[in-house]
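User: I am new to this structure and would like a close look at a single part of it. Could you take me through one sheet, strand by strand, and then show me a few places around it?

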Amino acid sequence: MGKYFGTDGFRGEANVNLTVEHAFKVGRFLGWYYGQKEPDKRCRIVIGKDTRRSSYMFEYSLVAGLTASGADAYLLHVTTTPSVSYVVRTEEFNCGIMISASHNPYYDNGIKVINERGEKLEEEVIEKIESYLDGEMGEIPYAKKDQIGRTVDFAAGRNRYIGYLISIATRSFKNMKVGLDCANGSASAIAKNVFDALGAETHVINNEPNGLNINTDCGSTHIHVLQQFVKDHHLDVGFAYDGDSDRCIAIDSDGEVVDGDKIMYVCGKYMKEQGMLVGNTIVTTVMSNFGLYKALDREGIAYEKTAVGDKYVYENMVTNGHCLGGEQSGHIIFSKHATTGDGILTSLKVMEAILEKKQPLNKLASEVEIFPQVLKNVKVKDKKAAQDDPAVQAEVQKVTEALGDDGRILLRQSGTEPVVRVMVEASSVEKCQKYVDQVIDVMKSCGHLL
């Protein structure tokens, strides 16, 4: 990760550590960089945004930078991150930009850059952007005369994405009562249109964004709201999205949560039965629940584990040719249809499994027994030294042997804080707590704790 860009773009509090000047300079760089790669063609860059108040400010700043460098900026307006990815790769744009801080509160925002293949931007280009932001590469020339860029209203691109989603469904949703929590974010402009077009009886909540209410007590990070809504209205299923709709958490008819792990199981098992699970493998992160792996073992489905972040999941999928992967948080990637996590697409694939198997979601998801988990964040003097200490590793090995096939322990360094995360999954909370504390006690006795 760089100084400004993390695994999911340049994110920070609007006009505090992510400012309009930053956005202008990112636009200046991208317009120049992609323009000089093909100097005989006009550079075309597409921009989407979520519903935060600051998204308009950053949109205009990016547009000013892009056009000043000679690029044409195509505006999708309020839309989802996966829609920007879709439009970039199908409409032959040089790159795409999504203005969003995903599940963060409204006062944060972010700039996500998507390459011409609809994937997250390469690290080498990010390093060049950061070098320019820090003034290390000199000035970029301004476009002049007829080389100055323009803006183009491109709402049609978003509409084509809606049509694409509708085309993916395998059958009508008629007689299905579906609840959607749009998080007062990007899904508000898209999700209901898709489900209505497919014939569902669609009940929507939190789809009245005002710039300040995105993710506030709603969406996939506040799932209790949709749980209650599904139960109160006797719905068949519910889907909750986050601010930019690249993740999805489902709710079954009993009001129980079906998280990303269970969604991967339900879809993966169905895809295997249909002969569609390429390589018979699902790509997860190290934070997926032990219960998912037990269920996949039982079904004879292989799995890979990557570092935390849908970016790493996708990289593994591309390298190894896998078609399904994701995170417990609900970032699910179906590589046949998308290059990023897509919340609305994920809900359509869950609906496909429900309808084709003629079984309710509670039955499909009940085959995964989620193991209790205890996770503690331990503040340390040196993350690497604390994790790699031979005494700590010896204690981790002791716990691993004690758990056997009925649990697991994981130590992971935080990417942003002086913290080592100690996580244990086992058959009971008490057992998890006991083993987490054992490892932390060794860290303490070795003098690693702050």
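Analyst: Happy to help: what follows is a walk through one open sheet, and then through some other spots in the chain. Please keep in mind that this is a predicted model.

Let's begin with the layout. The sheet is open and has 5 strands, in the order β9-β8-β10-β11-β12, with mixed pairing. Its edges are β9 (201-205) and β12 (257-258), each of which pairs on one side only. As background, strands of a sheet pair through backbone hydrogen bonds, and they can do so in a parallel or an antiparallel way. Both kinds turn up here, as the mixed pairing implies.

We can start at the β9 edge, with Thr-202, which sits in that strand. Is Thr-202 buried or exposed? Its relative accessibility is 14%, so Thr-202 counts as buried, the limit being under 20%. Beyond its sequence neighbours within four places, Thr-202 touches Val-178, Leu-180, Lys-192, Phe-195 and Asp-196. One of these, Val-178, is 24 residues away from Thr-202 in sequence, yet the two C-alpha atoms are 5.1 Å apart in space.

Next comes the link from β8 to β10. Strand β8 covers residues 177-181 and strand β10 covers residues 237-241; the two run parallel and are joined by 4 bridges. To find this link on your screen, look for Leu-180, which stands opposite Phe-239 in β10.

Phe-239 is a handy stepping stone, as it also stands opposite Ala-250 in β11. Here the direction changes: β10 and β11 run antiparallel, and 5 bridges join them. These two strands form a hairpin with 6 residues between them, and within it Ser-245 takes a positive phi near 60°.

Now pause at β11 itself. Why can this strand be called largely enclosed by the rest of the structure? Because 5 of its 5 residues are buried. The cover is on both faces: Cys-248, Ala-250 and Asp-252 are buried on one side, while Ile-249 and Ile-251 are buried on the other.

From Ala-250 you can take one more step across the sheet, since its bridge partner in β12 is Val-258. The pairing of β11 with β12 is antiparallel and spans 2 bridges. Another hairpin connects this pair, with 4 residues between the strands, and Gly-255 in the turn has a positive phi of about 85°. That brings us to β12, the other edge strand.

What lies across the sheet? Helix α7 (residues 224-232) lies across β8, β9, β10, β11 (248-252) and β12, and it runs at about 160° to β10. In the loop between α7 and β10 you will find His-234. His-234 is not a glycine, but its phi is positive, about 50°. With 59% relative accessibility, His-234 counts as exposed.

The hairpin residue Ser-245 comes up again when we turn to Thr-80. Thr-80 belongs to the loop between β4 (72-78) and α3 (81-91), and it is buried, with a relative accessible area of 1%. Apart from neighbours within four places in sequence, its contacts are Met-98, Tyr-161, Ser-186, Ala-187, Ile-190, Asp-244, Ser-245 and Ile-344.

A few other spots are worth a visit. Tyr-107, in the loop between β5 (95-99) and β6 (108-114), is partly exposed at 42% relative accessibility. Together with Tyr-106 and Leu-212, Tyr-107 makes a nonpolar surface patch of about 270 Å². Asn-15 is in the loop between β2 (9-13) and α1 (20-37). Like Tyr-107, Asn-15 is partly exposed, here with a relative accessible area of 44%. Its phi is near 65°, a positive value in a residue other than glycine.

Last, have a look at helix α10 (residues 310-320), whose buried residues are Asp-310, Lys-311, Val-313, Tyr-314, Asn-316 and Met-317. Their cover includes α4 (123-133), β13 (281-285), β14 (302-306), β15 (324-326) and β16 (332-334). After α10 comes Gly-321, with a positive phi near 75°.

To retrace the path through the sheet, go from Leu-180 to Phe-239, from Phe-239 to Ala-250, and from Ala-250 to Val-258.

Conventions:
Residues are numbered from 1 along each chain as its sequence is written. This is a predicted model: local features need pLDDT of at least 70, side-chain atom pairs count only at pLDDT 80 or more; totals for chains, interfaces and linings use all residues. Side-chain values use heavy atoms; hydrogens and water are left out. Patches are made of residues with over 30% relative accessible area and no salt bridge: like charges are joined within 9 Å, nonpolar side chains (Val, Leu, Ile, Met, Phe, Trp, Tyr) within 5 Å. Accessible areas come from the Shrake-Rupley method with a 1.4 Å probe; for residues, only the protein chains shown count as cover. A salt bridge is a side-chain nitrogen of Lys or Arg within 4 Å of a carboxyl oxygen of Asp or Glu. Buried means under 20% relative accessible area, exposed over 50%, partly exposed in between (1.4 Å probe, protein chains only). Two strands pair if DSSP finds at least two bridges between them. Contact means heavy atoms within 4.5 Å. Axes are lines fitted to C-alpha atoms, for helices over the stretch in contact, and angles run from 0 to 180 degrees between N-to-C directions.
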